Amino acid sequence: MTDDKKPIGPFTLTPPRILLLVLGAIALTYIIGALMGGVANYNDLKLARDAASSEAATASSQ
C-alpha cells in the first residue's frame with residue numbers, strides 16, 4: 001500500500017497561502033497610506049475642514 005497523494009496545485013488556497021495573502025494586503029494598505037501622507041495629512045485635512053466650517057458659521061451669523 002502506497003500513499004499516492006495528489007500534488008497541490010499552484011493556485012490551491014491552503015492556510016499558509018491565505019495567511020500570506022492577508023499579510024500582503026495589510027502591508028499594501030500601510031504602504032499606500034504612507035505614500036498618501038499618512039496620519040499627519042489626515043489630521044491636517046480634519047483641521048482645515050473644522051476651520052472652514054467654523055468660518056462659514058461665523059460668516060452666516062453676521
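The secondary structure of the protein chain comes to 2 helices and 0 strands, and the reader should keep in mind that this is a predicted model.

The overall dimensions of the chain can be described in two ways. Along the principal axes, the C-alpha atoms of the protein chain fill a box of roughly 90 × 20 × 10 Å. The radius of gyration of the protein chain is 25 Å, whereas a compact globule of 62 residues would have a value near 11 Å.

The surface adds to this picture, for buried residues make up 2% of the 62 residues in the protein chain. The area that the protein chain exposes is about 5900 Å², and carbon and sulfur atoms supply 69% of that area.

Charges come next. The protein chain carries 5 positive and 5 negative charges, and the mean positions of these two groups are 10 Å apart. In general, side chains of opposite charge can pair when their charged atoms come close. How many salt bridges does the structure hold? The structure holds 1 salt bridge, and this pairing is formed by Arg49 with Asp50, whose closest N and O atoms are 3.3 Å apart. That distance counts as a salt bridge because the cut-off is a side-chain nitrogen of Lys or Arg within 4 Å of a carboxyl oxygen of Asp or Glu.

The two partners can be set side by side according to their accessibility.

| Residue | Relative accessible area | State |
|---|---|---|
| Arg49 | 52% | exposed |
| Asp50 | 38% | partly exposed |

Arg49 is called exposed because its relative accessible area of 52% is over 50%, while Asp50, at 38%, is partly exposed.

How values were computed
Residues are numbered from 1 along each chain as its sequence is written. This is a predicted model: local features need pLDDT of at least 70, side-chain atom pairs count only at pLDDT 80 or more; totals for chains, interfaces and linings use all residues. Side-chain values use heavy atoms; hydrogens and water are left out. Buried means under 20% relative accessible area, exposed over 50%, partly exposed in between (1.4 Å probe, protein chains only). Helices (H or I, at least four residues) and strands (E, at least two) are DSSP runs, numbered from the N terminus. The radius of gyration is taken over C-alpha atoms; the globule rule is 2.2 Å times the number of residues to the power 0.38. Accessible areas come from the Shrake-Rupley method with a 1.4 Å probe; for residues, only the protein chains shown count as cover. Lys and Arg count as positive and Asp and Glu as negative; His and the chain ends are not counted. The place of a charge is taken as NZ of Lys, CZ of Arg, CG of Asp or CD of Glu.
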